[in-house]
Amino acid sequence: MTGSILIIAAFMIIPLIVGLVSARQSQGTSEDFFVQGRAMGSVAVFFTVAATWWSAFAFLGSNATFYTSGPVYLTALAWNLLFGFMYYWIGKRVWFLGKRFNYLTPSDLMGDFYNSEALRILVAVITLVFTIPYLQIQLTGGAYLIEVASGGVIPFWLAALLFYFIIIVYVWVGGIRAIAWTDVIYGALLFFGMMYAGYYISNQVGGPTALFAQLASSSPAHLTMPGPNGNMGYSMWFSLFMIVAIGAFMGPQIWLRMYSVKSGRLFNLMPFLLGLAAFAYVGSVLTGYSGVLLEPGLENPDQVLPVMLMNYAPYLLASLIMAAGAAAAMSTANSQIHAVSTVVTMDIYQRYVNRHASQSRIVFIGRLSLVGFSLAAYIMALTVPGLLVTIGIAALAGTAQLIVPTIGAITWRRAHPMAAFWGLIGGIACVLWLTYGASVSNPLGLHAGIWGLIINSGLFVVLSLALERRDSDVVERFAKARQDYVAEYHPEQCDDEQTATPQTAQAR
Amino acid sequence: MRKTFTTRKLAIYGGMLLGFIMLESPLVMVANHVEPMVMGVPFLFVWNLGWWAFLTILFLIAYLTNWGSTTRGGMAVSSPKRDD
């Protein structure tokens, strides 16, 4: 017990040291605090994106889903690849525009391209409202692990409190630089923990091959869709693929990691690295399925990993792997808290409260926001129950809606502010209605987020074609930026672009 | 130049489309079986791991060929061979 407490203590002290060291390089400007002066290098970018993208949802929720619902979470292999592809195709364009026009938040890009204050506010509200529940699941997951790893000596409420205290301190002093540095440690721990836990636990039933053979005879429904409960079939397979990848990608924490990158070349490599990292889910498969054989009927499936580690692994090894799980939670939570505080500071305080705020004042407000959002997430973690994956997907379905106006902004001259605004309203309303509306079942079994995207896209395209933008200076400024992007990264397309532009203008 | 660019880029993006279709279209239900097990692993898992490996390798090839573009890292490649 003492050993595990020491591991937990070390795990909490190391990020503090890293944060304090990284703070020495801070320059006291908002750009440095929020996006590291747009100079983040390749190693830090990979680890901070991967560790931010993989959360308690992945570390604990994946095991729980294999345990309760069969193979549907295997679609994670594909959603990691989709996330990586979007990071290249959309992220690189967002990065280019961010660098050119000095953006810090999602609202900056949308508000500028669509030239609409209403849309700017709507985007900020969506990012805030739907990020906080996702933040809550990080806190819940991390606190579960610390509670179990300490053998109950540290209760859930205290674990959650400690968890956020640490994050607040090092993000306060070091901003996104401290997060990126700690994410390198967290990321490595996370991948090691997922794979080694699966390998170790499956050996308790004779190894992976023996595990599948036993499962095929005792509970074959766990090995095919729709799973043992009969509710996780193809529609959920496809829904998860779309909603998780797009929803996480559109979260403000990932936007900041698009703006922070130093070189455009790095975006070309990220799909491969993020795809490769998805192999760690094999560890979750083994853990979740071993749980079916070894610990059937757990009351809280999210605890399948910690419970099995405590029952079948040496105490210190179990504590170390659970520290890796806490890493998954912490590395996403730190980024989310930092991102929502960036949104509040830049999109609300600096734009509507104090336009002429000094750099030090902006950074100070950002730090205060850290504390406020941490408190909100802490209260939610103590009072709002629910499975990690269930809460996570509902939150991701909301942020996923932002992809429609984003693609419009980076590719389409005709994209209209009213279309973006009403598309988002329609998409979000659909998500909320299908999620919380009484006695409504989702058509075709698809998740509410998918239907939200369909309605959002339909409204966006139809209204954009029906309406005409009058702010041609803004449209031309972005068209020029897009041409410059193509000229720099895909010059072979320049001829097409240059000939297409006048034709489009003529057609309009 | 056009022919080289089109062929390479089409191959990369076409391969990606194929991989995602195999993983995420209703075709995946064709592989939704325990048997035949391959090296002790259920067929649905083998199917997913196989197409995941295919796409991951394709992403590496995409990186090495600058995603089918005729540039490297934002610098135009002026080699006459590429411009043919």
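Is Arg177(A) buried or exposed? Keep in mind as you look that this is a predicted model. To find this arginine, follow helix H9 of chain A, which runs over residues 156-202. Arg177(A) has a relative accessible area of 6%, and anything under 20% counts as buried, so Arg177(A) is buried. Which residues surround it? Setting aside neighbours within four places in sequence, Arg177(A) is in contact with Ser22(A), Gln25(A), Ser26(A), Asp32(A) and Gln36(A).

Let us move along chain A to helix H10, residues 208-218. Here Leu211(A), Phe212(A) and Leu215(A) are buried. They cover an arc of only 95° around the axis, so they sit on the same side of H10(A). A simple rule helps to picture this: an α-helix has 3.6 residues a turn, so residues three or four places apart point the same way. What covers the buried residues of H10(A)? The cover includes H9 and helix H14 (281-294) of chain A, together with H2 of chain B.

That last helix takes us into chain B. Chain B has three helices and two strands, and along the sequence they follow the pattern α-α-β-β-α. Of the 84 residues of chain B, 43% count as buried. Now look at how the chain folds back on itself: among contacts in chain B with a separation of 6 or more, 59% join residues 24 or more positions apart.

Helix H2 of chain B, residues 43-64, deserves a slower look. How far apart should its ends be? At 1.5 Å a residue, its 22 residues should span 32 Å, and its end C-alpha atoms are indeed 32 Å apart, so the two values agree. Many residues of H2(B) are buried, including Leu44(B), Phe45(B), Trp47(B), Trp51(B), Trp52(B), Leu55(B) and Phe59(B). Seen down the axis of H2(B), the buried residues fall within an arc of 160°, so they line one face of the helix. Turn to the face away from this buried side and you will find the exposed residues Ile57(B) and Leu64(B). Just after H2(B), Asn66(B) takes a positive phi of about 50°.

One residue of this helix shows how the two chains meet. Thr56(B) lies in helix H2 of chain B, and because its relative accessibility is 4%, Thr56(B) counts as buried. Which residues does Thr56(B) touch? Not counting residues up to four places away in sequence, Thr56(B) touches Leu81(A), Phe272(A), Gly275(A) and Leu276(A).

Finally, let us look for empty space. The structure holds five cavities of 30 Å³ or more, and the largest cavity contains about 80 Å³ of space. Where does its lining come from? Helix H1 (2-23), helix H8 (117-149) and helix H16 (315-353) of chain A each supply at least two residues. H16(A) gives the most, with five residues. Among the residues that line the largest cavity are Ile8(A), Phe11(A), Met12(A), Leu145(A), Phe163(A), Ser319(A), Met322(A) and Met330(A). What is the chemical character of this lining? The residues divide into 11 nonpolar, one polar and no charged.

Conventions. Residues are numbered from 1 along each chain as its sequence is written. Chains are lettered from A and ligands numbered from 1 in the order in which they are written. This is a predicted model: local features need pLDDT of at least 70, side-chain atom pairs count only at pLDDT 80 or more; totals for chains, interfaces and linings use all residues. Side-chain values use heavy atoms; hydrogens and water are left out. On a 1 Å grid over the protein atoms alone, a cavity is a set of points where a 1.4 Å probe fits but cannot get out, and a pocket is an open set with protein on both sides within 12 Å along at least five of seven lines; lining residues have an atom within 4 Å of a point. Grid points are joined across faces, edges and corners, and a volume is the space filled by probe spheres set on the points. Helices (H or I, at least four residues) and strands (E, at least two) are DSSP runs, numbered from the N terminus. Ala, Val, Leu, Ile, Met, Phe, Trp, Tyr, Cys and Pro count as nonpolar, Asp, Glu, Lys and Arg as charged, and the others, Gly among them, as polar. The expected span of a helix is 1.5 Å times one less than its number of residues. Buried means under 20% relative accessible area, exposed over 50%, partly exposed in between (1.4 Å probe, protein chains only). The arc is that of the directions from the helix axis to the C-beta atoms. Contact means heavy atoms within 4.5 Å.
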